[in-house]
Amino acid sequence: MSPTRDPAQRPALFDRPAIERHRARAARAPALFLQEAVADDIEDRLAEVNRTFTDVAVVTPWPDLWARRLPRARIIPDAETLDLAPGAQDLVIHAMALHWAEDPIGQLIQCARALRPDGLLIATLLGGETLADLRAALTAAETAVTGGLSPRVAPMGEIRDLGALLQRAGLALPVADGTPYDVSYETPFHLMRDLRAMGETNAMAGRLRRPTRRMVLAEAARLYGETNTRADGRIGARFEVITLTGWGPSANQPQPLRRGSATHSLEEALRRARDESAD
């Protein structure tokens with residue numbers, strides 16, 4: 001997921017106008033249960049921080065959702081260049097949009113620059129376990145029916161890789177963790193309908209520019225149902241949301257010990273523990 005060179009020097013991964021069209025279509029009758037659940041989790045995390053944040057910015061494709069929750073926050077779109085001024089915020093939330101970023105590390109760097117010293121960044125995005133079985137079923141179905149394979153799924157980052165992005169962005173005390181959200185549907189087609197209502201359908205730049213054949217969708221639904229039908233007859237689905245947190249560097253933050261500054265060796269500590277257990 002992390003870029004290896006300047007985004008301007010490589011072909012676009014996403015079709016940005018398509019992303020905007022999908023979101024506009026979804027906004028007419030949105031299914032935002034996942035975004036609401038993630039917003040609940042972010043609010044719970046903030047409640048555990050012994051801080052009052054006064055200058056908050058939220059980067060989100062769903063402004064109404066966050067305007068209701070944080071009415072005093074600046075709500076800004078997840079554009080390539082974020083409308084953030086350096087050092088202007090003590091809290092930046094990048095909410096469920098980073099997986100659509102052409103340059104995710106660039107997004108995190110912009111958020112980091114917007115933080116004051118000891119300001120907090122919380123970023124959430126879909127992780128690699130999201131709908132893994134559905135993605136596999138679509139791949140197998142398209143290959144079986146058409147004999148080929150078209151780009152359908154954006155690369156999704158793993159926790160370890162995404163945590164490293166926080167360090168590359170210059171943030172202190174970086175933490176990355178994943179939360180699974182297990183839901184169920186009447187059929188795989190109801191799941192696909194919800195993905196449209198989330199604005200999370202295929203917007204790969206290299207995708208086929210015609211509707212997916214019905215035979216492909218029918219075969220994908222059959223394959224997916226074979227492995228994901230629950231005891232009650234409903235179809236299970238898992239979304240993984242990765243949450244990244246980091247702080248603007250500040251002199252009063254806890255600092256790791258300088259290498260070589262330990263006063264006791266690990267060998268000595270282990271020997272002492274063995275001696276105590278033998279007594």
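In this predicted model, helix α7 meets helix α8 through Pro 188, Phe 189, Leu 191 and Met 192 on the α7 side and Leu 217, Ala 218, Ala 221 and Tyr 224 on the α8 side. Sorted by residue class, that contact comes out as eight nonpolar residues, with no polar and no charged ones. As for geometry, the axes of α7 and α8 (residues 214-228) come within 9 Å and cross at roughly 115°. The two helices, α7 and α8, are therefore roughly perpendicular to each other.

Now to the sheet. Six strands make up an open sheet with mixed pairing, and their order runs β2-β1-β3-β4-β6-β5. At the edges sit β2 (74-76) and β5 (172-185), each of which pairs on one side only. Leaving direction aside, neighbouring strands here are turned by 15° against each other on average. Edge strand β5 and its partner β6 (residues 235-247) run antiparallel and share twelve bridges; in one of the pairings, Val 183 has Ala 237 in β6 as its bridge partner. Helix α7 (residues 188-198) comes back into the picture at this point: it packs on the sheet, where it touches both β5 and β6, and its direction makes about 30° with that of β6. So much for α7, which has the sheet strands β5 and β6 as contacts as well as helix α8.

A second helix pair involves α4 (residues 104-114) and α6 (residues 159-168), whose axes come within 9 Å and cross at roughly 45°. That angle makes α4 oblique to α6, and the crossing of α4 past α6 is right-handed. On the α4 side the contact uses Pro 104, Ile 105 and Leu 108, which meet Leu 165, Leu 166 and Arg 168 of α6. Here the split is five nonpolar residues, no polar ones and one charged.

Aromatic pairs were searched for across the whole structure, and two turned up. One of these brings together Phe 14 and Trp 100, arranged edge-to-face with 5.2 Å from centre to centre and 70° between the planes. Phe 14 belongs to the segment before α1 (16-27), while Trp 100 is in the loop between β3 (89-95) and α4, so the pair ties together parts that are 86 residues apart in sequence.

Terms used: Residues are numbered from 1 along each chain as its sequence is written. This is a predicted model: local features need pLDDT of at least 70, side-chain atom pairs count only at pLDDT 80 or more; totals for chains, interfaces and linings use all residues. Side-chain values use heavy atoms; hydrogens and water are left out. Axes are lines fitted to C-alpha atoms, for helices over the stretch in contact, and angles run from 0 to 180 degrees between N-to-C directions. Helices (H or I, at least four residues) and strands (E, at least two) are DSSP runs, numbered from the N terminus. Angles under 35 degrees count as roughly parallel, over 145 as roughly antiparallel, 65 to 115 as roughly perpendicular and the rest as oblique. A crossing is left-handed if the near helix is turned anticlockwise from the far one by less than a right angle, and right-handed if clockwise. Contact means heavy atoms within 4.5 Å. Ala, Val, Leu, Ile, Met, Phe, Trp, Tyr, Cys and Pro count as nonpolar, Asp, Glu, Lys and Arg as charged, and the others, Gly among them, as polar. Two strands pair if DSSP finds at least two bridges between them. Rings of Phe, Tyr and Trp (its six-membered ring) pair if their centres lie within 6.5 Å; planes under 30 degrees apart count as stacked, over 60 as edge-to-face and the rest as tilted.
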